[in-house]
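Q: I am learning how terms such as "salt bridge" or "buried" are justified from a structure. Could you take me through the reasoning, one term at a time?

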Amino acid sequence: MDKGQLLMTQADRDRLVTLKKAKKKLITQREAAEELGVTERQVRRRLQALRKGGDKAVIHGLRGMRSNRKREEEQQQQAVKILGEEVYRGFGPTLAAEYLGKRHGIEASRETVRKWMMEAKLWRARRQRVEKVHVWRVRRSRWGELVQWDTSDHDWLEGRGERMYLIAMIDDATSRWLGRFVRSDSSEENMRLLWRYLEQWGRPGAFYTDKASLFQTAVKTKREEQREGQDRPPMPATQIGRALQELDIRWIAAHSPQAKGRVERGFGVAQDRLVKGMRVAGVTTLEQANTYLEREFLRWWEQTLTVAPANPEDAHRPLDGDRRYPLAAILSHVENRRVGNDYTIHFQSQIYQIARKDICAGLRGAHVRVEKRLDDTLGVRFRDRYLAVTSCPFRPKAAAAKPQPGQAGSPPRRRGNTAWGKNFDLHKGPKIWQAAERSGARPEEPL
């Protein structure tokens, strides 16, 4: 737009009057600078522009032109149209700006995207309220000193697929994250993730979890019985608790969700960013979810949210260490069984025969350790060595012996027709009084 077509504002007219007075020597350049609020050097520059360009020199040269920082309207409309699609439902300005640049080539700052979304009614500013303040616990100083471990039950696929659970482990010092989607929050699935952690980084100093039944055996109490103020009686360890003891890893129980706030906040980020990312990627199965988790989300987490520990020393211990048995034996379902007189053991409704070559003194009647591995194989250990076993069918139940005739419990013996009652007939016999007269018996005399 030509400057001549621009309207002069009242401020422009006031500046023009001051400059003309300075031009006509009615006031000095210093006085003109004080009136305009600029330096004398700027007054001289404006007087020079006034001599060359006339009155329009007081109008700023960029007035009427599009700002270099203002986004094109077409670009804004395109961005709003994209963010209005169903797959981007619930996206915040930060996440929306990332996806616009990464997937659609629209580079815009978070604040610019926020303004676009607010103008298009796609985002509404929320007031930040702090309902309850919790004192933050200081991070552990070394990586691997303490690892928080938990499971999140959430609609991760938003109804597009099967129900899944997310098991996660997060380091307290660095916020380094390891997670896996599973179909059930079972001891076996948690052991598989623990195995993966141990092989990848080693044995940490301690795991920090809640008091779920996976980690702690519940105390059974009678109805209406209270245990407040009483010491917890010793209970047998769970399968995961036993495995941690054999690995020499300390287990610490959290008394509230806020105590393990680091992993809880991690789940909050995942339930927002991970859910929306899988929606955009079209994830519908457990396998696809784990692939997206490893290739996209965990890489973003590692680059964005991890921090350097206060102490660079690694607190993880080597996996081998002083362990006498393989990791598969520790991370398994373990029970003790008694060896029968026929060198068989019963386990999970099945009978197993110990190989003859492994039979030794003291084995009969002894207790052996039975390990149901994560790969469904079976290991039977007696003292310090493993025994070869084979599955065998159930022994047939012995038939109960039939009692001999005349013994207690035997049925009465049926007899055939005999000669002794051949001529006996109650209807043809004499009356009682006739039988008495024929017998010659006399009636008793009264006393």
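A: This is a predicted model, and the structure holds 31 salt bridges.

Q: What makes the contact between R15 and D12 a salt bridge?

A: The closest N and O atoms of R15 and D12 are 2.2 Å apart, and a salt bridge requires a side-chain nitrogen of Lys or Arg within 4 Å of a carboxyl oxygen of Asp or Glu, so the pair qualifies. R15 and D12 are 3 residues apart in helix α1 (residues 10–23), and therefore about one helical turn separates them.

Q: Why is D12 called buried or exposed, and what is R15 called?

A: Buried means under 20% relative accessible area, and D12 has 0%, so D12 counts as buried. R15 has 26%, which falls between the limits of 20% and 50%, and therefore R15 is called partly exposed.

Q: How do you know that E162 and R183 form a salt bridge, and where do they lie?

A: Their closest N and O atoms are 2.9 Å apart, which is within the 4 Å limit, so the pair counts as a salt bridge. The pair links distant parts of the chain, 21 residues apart, with E162 in the loop between β2 (147–153) and β3 (165–171) and R183 in the loop between β4 (177–182) and α7.

Q: Why is the pair of W143 and W201 called edge-to-face?

A: The structure holds 13 aromatic pairs, and in the pair of W143 and W201 the ring centres are 5.8 Å apart, within the 6.5 Å limit, so the two rings count as a pair. The angle between their planes is 75°, and planes over 60 degrees apart count as edge-to-face, so the pair receives that name.

Q: What makes this pair one that ties together separate parts of the sequence?

A: W143 lies in strand β1 (residues 142–143) and W201 in helix α7 (residues 187–201), so the pair ties together parts that are 58 residues apart in sequence. Ring pairs also link W143 and W201 with W149, Y197, F207 and F215 into a cluster.

Q: How do you know whether D248 and Y343 are buried or exposed?

A: D248 has a relative accessible area of 52%, and exposed means over 50%, so D248 is exposed. Y343 has 16%, which is under 20%, so Y343 counts as buried. D248 has a positive phi of about 60° although it is not a glycine, and phi of Y343, likewise a residue other than glycine, is positive and near 60°.

How values were computed. Residues are numbered from 1 along each chain as its sequence is written. This is a predicted model: local features need pLDDT of at least 70, side-chain atom pairs count only at pLDDT 80 or more; totals for chains, interfaces and linings use all residues. Side-chain values use heavy atoms; hydrogens and water are left out. Rings of Phe, Tyr and Trp (its six-membered ring) pair if their centres lie within 6.5 Å; planes under 30 degrees apart count as stacked, over 60 as edge-to-face and the rest as tilted. Helices (H or I, at least four residues) and strands (E, at least two) are DSSP runs, numbered from the N terminus. Buried means under 20% relative accessible area, exposed over 50%, partly exposed in between (1.4 Å probe, protein chains only).
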